[in-house]
Amino acid sequence: MSSLRNAIPRKAHKERSQPQSRKKFGHLEKHKDYVVRAKAFHQKEEALQKLKEKAAFRNPDEFYFKMIKTSTVGGVHRLESEANKYTHDELMLMKTQDIGYILQKLQSEKNKIEKLTTTLHSLDNQPSNRHIYYAEDREEAKSIRSQSARKVAVRASEDIPDHIKRKTAASYREVEARKSRVQELEKLYMDMAMQKELQKKGRKRKLREDEIICPTSKPVYKWRAERKR
């Protein structure tokens with residue numbers, strides 16, 4: 001009987017909406033809305049209860065070093081500054097790893113550019129049929145050469161399908177984008193290498209504009225000569 005009872009279609013009882021006379025009070029809360037609100041309320045209530053228990057059972061003799069390394073400013077917990085968190089050797093090691101990563105990406109981009117350039121070069125320089133024309137003078141040779149060049153250009157443009165043309169144009173755009181990225185990576189590599197050299201030991205000074213032999217927009221430094229043992 002239970003299976004037959006479940007097989008009979010039943011009417012779906014829907015929750016009523018907000019009456020027209022009470023539209024000014026906004027949306028009428030449904031049961032699912034109450035469930036979400038109740039869960040959020042109970043979660044906050046449990047969190048407050050746990051905090052009250054921690055405060056009640058706190059050990060007054062408890063101590064850890066964060067108590068003297070941090071402070072509260074305007075009611076906001078502020079950590080100690082981590083400006084000198086790493087030693088000089090650790091900073092140099094991290095700088096070397098960063099430079100190695102930039103150099104690896106730079107070499108990868110150059111290899112991709114070379115591969116794309118080779119592919120596009122092989123597509124542009126496809127072998128064509130050769131015809132020998134004989135001219136009486138230079139003027140006739142020039143006219144024959146111009147006519148043959150126009151025919152070859154028209155034939156080449158007609159033979160290549162549209163989707164191949166679109167792919168070739170996209171490949172050229174990709175090559176240009178990768179070349180600009182290589183320039184940015186080279187600039188970044190040079191800047192990071194300069195910063196690494198400036199962090200090393202040794203007396204150095206920045207040259208003035210009148211002391212620079214080859215004018216450049218980047219700063220130029222000169223290290224003091226030291227005798228090596």
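## Helices, core and pocket of a predicted model

Helix α2, spanning residues 31-56, has 26 residues and reaches 37 Å from its first C-alpha to its last, close to the 38 Å expected at 1.5 Å a residue. Of those 26 residues the number buried is one, so α2 lies largely in the open. The model described here is predicted.

### The chain as a whole

The protein chain has six helices and four strands. Read from the N terminus on, its elements follow the order α-α-α-β-β-α-α-α-β-β. Of the 229 residues in the protein chain, buried residues make up 10%. About 21800 Å² of the protein chain is exposed, and carbon and sulfur atoms supply 54% of that area. Among contacts in the protein chain with a separation of 6 or more, 53% involve residues 24 or more positions apart.

### Helix α6 beside helix α2

Helix α6 has 38 residues and reaches 56 Å from its first C-alpha to its last, close to the 56 Å expected at 1.5 Å a residue. The two helices are set out below.

| Helix | Residues in helix | Reach, first to last C-alpha | Expected at 1.5 Å a residue |
|---|---|---|---|
| α2 | 26 residues | 37 Å | 38 Å |
| α6 | 38 residues | 56 Å | 56 Å |

In α6, the buried residues are Thr168, Ser171, Val175, Arg178, Val182, Leu185, Met192 and Lys196. An α-helix has 3.6 residues a turn, so residues three or four places apart point the same way.

### The largest nonpolar core

In soluble globular proteins, nonpolar side chains tend to be buried together. In this model, the largest nonpolar core has seven residues, namely Ile99, Ile102, Leu106, Ile113, Val182, Leu185 and Met192. Helices α4 (88-124) and α6 (162-199) each supply at least two residues of this core. The most comes from α4, which gives four residues.

Contacts of individual residues add detail to this picture. With neighbours within four places in sequence left aside, leucine 106 is in contact with Val182, Leu185 and Glu186. Glutamate 186 is itself found in helix α6. At 32% relative accessibility, glutamate 186 counts as partly exposed, because buried means under 20% and exposed over 50%. Not counting residues up to four places away in sequence, glutamate 186 touches Leu106 and Lys110. Glutamate 186 and isoleucine 102 are 84 residues apart in sequence, and their C-alpha atoms are 8.5 Å apart in space.

Lysine 196 also lies in helix α6. Its relative accessibility is 18%, so lysine 196 counts as buried. Leaving aside neighbours within four places in sequence, lysine 196 is in contact with Met92, Lys95, Thr96 and Ile99. Of these partners, Ile99 is one of the residues of the largest nonpolar core.

### The second largest pocket

The second largest pocket has a volume of about 180 Å³. Its lining is formed by Met190, Asp191, Met194, Leu198, Lys218, Pro219 and Tyr221. Helix α6 provides the largest share of this lining, with four residues. Helix α6 thus appears both in the lining of the second largest pocket and among the helices that supply the largest nonpolar core.

Key:
Residues numbered from 1 in each chain as written. Predicted model: local features only at pLDDT ≥ 70, side-chain atom pairs only at ≥ 80, totals over all residues. Heavy atoms only, no water. Core = buried A, V, L, I, M, F, W, Y, C linked by side-chain atoms within 4.5 Å. Buried < 20%, exposed > 50% of the residue type's maximum accessible area, 1.4 Å probe, protein only. Contact = heavy atoms within 4.5 Å. Expected span 1.5 Å × (residues − 1). Areas by Shrake-Rupley, 256 points an atom, 1.4 Å probe, with all protein chains shown as cover. 1 Å grid on protein atoms, 1.4 Å probe; cavity = no way out; pocket = protein on both sides within 12 Å on 5 of 7 lines; lining within 4 Å. Points joined across faces, edges and corners; volume = space filled by probe spheres on them.
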